[in-house]
Each structure stands twice: as structure tokens, then as C-alpha cells.
Amino acid sequence: VHAARIAGAPRLARRVAQLSIIREIGECLQSAMSPERILRTILVGATASMGLRFNRAFLFLVDERHGLLRGRDAIGPADVEEAQAIWSRLSGSAKTLRDLVDDYEPLVEGEGPRVLEIARLLSAKLDDETAFVVRALRAGGTTLVVDGRVVAGDAPSPARTIAVLGVDAFVAVPLETEGRPVGLLLADNAI
């Protein structure tokens, strides 16, 4: 029994760390932040080593005026070289989520992150029920794709999303306010 408790300790510690980052994201969102900073906080929380630990995260927002689910922002490496540069910049630093959000700058000055182009390529019309991101937005819960198949959630084939991301495993989580979907967070471990 004691050995079983010891074996479960790392999993419990990881779960506590995840819940802590979710709490910290919530605190950041409740503070007087600009909308831009709130979006950045969500993305950093999804990719931070003390957070959810995804390599890349993509944020889509509902644009009702144009009838689109628009790829709005993204964070993470576009390739292995960029991943190494990011990891070397962040290694050895014990920073809080707020520190990471404060310090975040894309690697190329004056440009958005290269992964933003991926988010833009996945943008879709809100009335396109064949678009994976639109159905994931309306799923009412997390959509999980493993080995190229939707294993949790209700969404159509993610074939186009897989082709654009270059990976066959990812998660999509609708973002809601006052009971209605306002965006989608998609995250993967491509690198």
C-alpha cells in the first residue's frame, strides 16, 4: 500500500501543478488586463512548463460580424530550430505565469509568431459544419484527437486540421462566456 502511494505521488504533484496554473490563469483573467494580455495569458498557460505543457497553442475567436472562427493568435515553435531557441531562452528560469506573460516576445522582432500562420490557415466560416474547428467550438466540451481520430468529443474528421498542424494528436477546447462559445483553444505537442 505504501509503495502504491509513493508511485502515485508524481502524478498527484503534476495534477496539483496543473490546477495551480489554471487558478493562476483565472486570477490573471479577473484582474484588469487588456483583452490582448488575456489572450496571451491563455496561450502561455497552455504551453508553460509549469502549466499544461503543450508545445504549441492556437487561439481562434468568433468573429460574428464576418461569420468566421478566426485564427487570432498562437504561441510555440514552428520548427525544431525555433523550439531549441525557445527552450534555451527559458531553461533554468523559475518564472511564474505572470513573469512569462510579461516577458513573452516572438523570436522575430516586429513580426507575429510563425505559428500564427497555422492558426490563420485553420480559420473557417461559422456555418461550415464540416470544419473541424467549428464543430469543436460547438462541442460543449473538450475534443481530443489521437492517431488522427476523434476519441472524445463530437467533431467531423480532422483530416484537414491534421494536414495543417502536421500532427495527428491534439486537443481542442471551446472558450465560453455567459454560456456561449466565443473562441477555441487548440493545442498540440508537435515538437
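# Cores, bridges and loops

Reader: Let's start inside: how many residues does the largest nonpolar core have?
Author: A nonpolar core here is a set of buried Ala, Val, Leu, Ile, Met, Phe, Trp, Tyr and Cys residues joined through side-chain atoms within 4.5 Å. Buried means under 20% relative accessible area, exposed over 50%, and partly exposed in between (1.4 Å probe, protein chains only). Phe58, Phe60, Phe132, Val133, Leu165, Leu184 and Leu186 have the most contacts inside the largest core, and its residue count is 25.

Reader: And which element gives the most to this core?
Author: Two or more residues come from each of β1 (56-63), β2 (68-75), α5 (116-121), α6 (132-137), β6 (170-177) and β7 (180-188). Helices (H or I, at least four residues) and strands (E, at least two) are DSSP runs, numbered from the N terminus. With 5 residues, the element that gives the most is α6.

Reader: Before we go on, what kind of model is this?
Author: Residues are numbered from 1 along each chain as its sequence is written, and side-chain values use heavy atoms, with hydrogens and water left out. Local features need pLDDT of at least 70, side-chain atom pairs count only at pLDDT 80 or more, and totals for chains, interfaces and linings use all residues; the model is predicted.

Reader: Which residues does Val133 touch, if you skip those up to four places away in sequence?
Author: Contact means heavy atoms within 4.5 Å, and Val133 is among the residues with the most contacts inside the largest core. Leaving out residues up to four places away, its partners are Phe60, Leu69, Leu122, Ala124, Leu184 and Leu186.

Reader: How many residues are in the other core?
Author: This one lies apart from the core around Val133. Leu39, Leu43, Ala46 and Leu185 are among its members, and its residue count is 11.

Reader: How far does α2 reach from its first C-alpha to its last?
Author: The expected span of a helix is 1.5 Å times one less than its number of residues. For the 13 residues of α2 that gives 18 Å, and the model comes close to this with 19 Å.

Reader: Is Ile42 buried or exposed?
Author: Ile42 sits in helix α2 (residues 35-47), and its C-alpha is 8.6 Å from that of Leu59, although the two are 17 residues apart in sequence. Leu39, Arg40, Thr41, Leu43, Val44, Gly45 and Ala46 are among the buried residues of α2. Since its relative accessibility is 15%, Ile42 counts as buried.

Reader: On to charges: how many salt bridges does the count come to?
Author: A salt bridge is a side-chain nitrogen of Lys or Arg within 4 Å of a carboxyl oxygen of Asp or Glu. One of them joins Asp63 and Arg70, with the closest N and O atoms 2.6 Å apart; Asp63 is buried at 16%, while Arg70 is partly exposed at 33%. By this rule the count is 5.

Reader: How many residues apart in sequence are the parts that Asp188 and Arg56 tie together?
Author: These two form a salt bridge whose closest N and O atoms are 2.6 Å apart. Asp188 is buried at 0% relative accessible area, and Arg56 is buried at 3%. Because Asp188 lies in strand β7 and Arg56 in strand β1, the pair ties together parts with a sequence separation of 132.

Reader: Which residue is linked with Glu129 and Arg135 in a network of salt bridges?
Author: Glu129 and Arg135 meet at 3.9 Å, N to O. Glu129 is partly exposed at 37%, and so is Arg135 at 23%. The third member of the network is Arg138.

Reader: What is the phi of Asp147?
Author: Most residues other than glycine have a negative phi. Asp147 lies in the loop between β4 and β5 (149-152), and at 56% relative accessibility it counts as exposed. It is not a glycine, yet its phi is positive, about 55°.

Reader: And where is Glu178, with its phi near 50°?
Author: Glu178 is another residue other than glycine with a positive phi. Its relative accessible area is 80%, so it counts as exposed. Its place is the loop between β6 and β7.

Reader: How many helices and strands does the protein chain have?
Author: Along the sequence, the pattern reads α-α-β-β-α-α-α-β-α-β-β-α-β-β. Of the 191 residues, 36% count as buried. The tally is 7 helices and 7 strands.
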